[in-house]
Amino acid sequence: MEKKMRVGIVGCGGIARGKHLPAIRKQGNIEVVALCDLIRERAEDYQKTYNWPEAKIFTDYKELLKEDLDAVYVLTPNREHSYITIDALKAGKNVMCEKPMAKTAEEAREMLAAAKESGKVLTIGYQNRYRPDSTYLKRACDNGELGDIYVAKAHAIRRRAVPTWGVFLDADAQGGGPLIDIGTHALDLTLWMMNNYEPEMVVGSVYKKLGDQTETGNAWGDWDPEKYTVEDSAFGFIKMKNGATIMLESAWALNSLDVDEAKTSLCGTLAGADMKDGLRINRVKYNKQIVEKPELDPAGVAFFDGEGEDPDVIEQQTFYDAVMNGKDVVVKPEQALVVTEILEAIYESAKTGKPVYFDK
């Protein structure tokens, strides 16, 4: 039996409830021994819901950091990611921080510096890397099957699905809307597939065209226009130092039927790929254009539905293996930093009306 990893949870909101805590329970070797939230009742509710009677409850994360913990999960609004993560690393704890890495690129750089100085594990919650279509496509990319990938699109478009709870609509707490919330997943996938983390220039456009509307047809009910302080859509054009280009599209609300989320499309010299209708790889073979669609569904046998691997659980197992068994993390903080830098550049370009250039 593997040794339990003792962890503390900072932030007992929706991302803890919807993603991390169920996956921690399924993983089986992670023991939640401390829960922290500014609203004590929320932490107590999770303690009861998940039957962790021995877990200590805190309202001050600095008190939680005094506990004997192998790792800390930072599941707070974006503006709190950096300083909680840095304090946890300095306290000798390994850290799983939710995406995006930070509200600003400077904060993300400080997090990376703290991780290097402490020698502790830091990873960011980009769980879409662990989906079957993502892992298959990544293997194809790494094996050179697409050749030189020089054009890509990062897709994160919802027609009407604005999250109306928590602080999603609060620009101060989150740093932005769909770009920093779901666009970040699509961009992370795209950069990872290309294995290209050297941007040269970014041009961005950000829109708040629908946030003041009522009778919105929103999936989670009408939003409050008075509280809607973020964009409803954002778009970026990214030129990489090797000449490759990436087009990033993100929206919570957009009058479009072309809806995709956390997906990427890639064009290489030998083949292309997209996730529009399942995973599709297009190439020329024997002088004919062909499309390959790998069977990623674990089912296929009569009377057996199959049991696919849950990306959220794989994420937990990967973090466990990094902390407890010394393995490499899949989501490296250096990579997540570049995602945050590009997102910030899109916002800056939209604000100034000028391209943003990267010096490094």
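In what order do the six strands of the open sheet stand, and is the pairing parallel or antiparallel? Here are some friendly notes to read alongside the structure, which is a predicted model.

1. **The sheet.** The strand order is 3-2-1-4-5-6, and the pairing is parallel. At the edges you will find strand 3 (56-58) and strand 6 (122-125); each has a single partner strand, so one side of each is left without a neighbour in the sheet. If you look at how neighbouring strands are turned against each other, the average is 25 degrees, direction ignored. As general background, strands of a sheet pair through backbone hydrogen bonds, either parallel or antiparallel.

2. **One edge of the sheet.** Try following strand 3 to its partner. Strand 2 (residues 30-36) pairs with strand 3 in the parallel sense, over three bridges. Leu 35, for instance, has Ile 57 in strand 3 as its bridge partner. Across strand 2 and strand 3 lies helix 2 (residues 40-49), which runs at about 160 degrees to strand 3.

3. **Val 72.** Now move to strand 4 (residues 71-74), where Val 72 is placed. Is Val 72 buried or exposed? Val 72 is buried, because its relative accessible area is 0%, and buried means under 20%. The residues that Val 72 touches include Gly 8, Val 10, Leu 64, Ala 88 and Val 95, leaving aside residues up to four places away in sequence. Asn 218 is 146 residues from Val 72 along the chain, and the C-alpha atoms of these two residues are separated by 35 Å.

4. **The nonpolar cores.** The largest nonpolar core has 81 residues, and those touching the most other members are Leu 64, Met 101, Leu 191, Leu 248, Leu 266 and Ile 342. Helix 8 (residues 178-194) gives the largest share of this core, 10 residues. There is also a second, separate core of 26 residues, with Met 5, Leu 21, Ile 24 and Ala 55 among them. A useful general idea to keep in mind: in soluble globular proteins, nonpolar side chains tend to be buried together.

5. **Leu 64 and its contacts.** Leu 64 is a good residue to click on. Besides Val 72, Leu 64 touches residues including Ile 9, Ala 34, Leu 35, Cys 36 and Phe 58, not counting residues up to four places away in sequence.

6. **The cysteines.** How many disulfides does the count give? The count is zero. Cys 36 is in no disulfide, because the nearest cysteine sulfur, that of Cys 12, is 7.3 Å away, and a disulfide needs sulfur atoms within 2.5 Å. Cys 36 is buried, with a relative accessible area of 4%. Cys 267 is in no disulfide either; its nearest cysteine sulfur belongs to Cys 141, 11 Å away. Cys 267 is partly exposed, with a relative accessible area of 39%.

7. **Backbone details in loops.** Three spots deserve a look. The peptide bond from Lys 99 to Pro 100 is cis, with omega near -15 degrees, and Pro 100 sits in the loop between strand 5 (94-98) and helix 5 (105-118). Glu 215 is not a glycine, yet its phi is positive, about 50 degrees. Glu 215 belongs to the loop between strand 8 (199-207) and strand 9 (233-240), and is exposed at 74% relative accessibility. Asn 287 also has a positive phi, near 65 degrees. Asn 287 is found in the loop between strand 13 (280-285) and strand 14 (288-292), and is exposed, with a relative accessible area of 72%.

Conventions: Residues numbered from 1 in each chain as written. Predicted model: local features only at pLDDT ≥ 70, side-chain atom pairs only at ≥ 80, totals over all residues. Heavy atoms only, no water. Buried < 20%, exposed > 50% of the residue type's maximum accessible area, 1.4 Å probe, protein only. Helix = DSSP H or I, 4+ residues; strand = E, 2+ residues; numbered from the N terminus. Core = buried A, V, L, I, M, F, W, Y, C linked by side-chain atoms within 4.5 Å. Contact = heavy atoms within 4.5 Å. Pairing = 2+ DSSP bridges. Axes fitted to C-alpha atoms, helices over the stretch in contact; angles between N-to-C directions.
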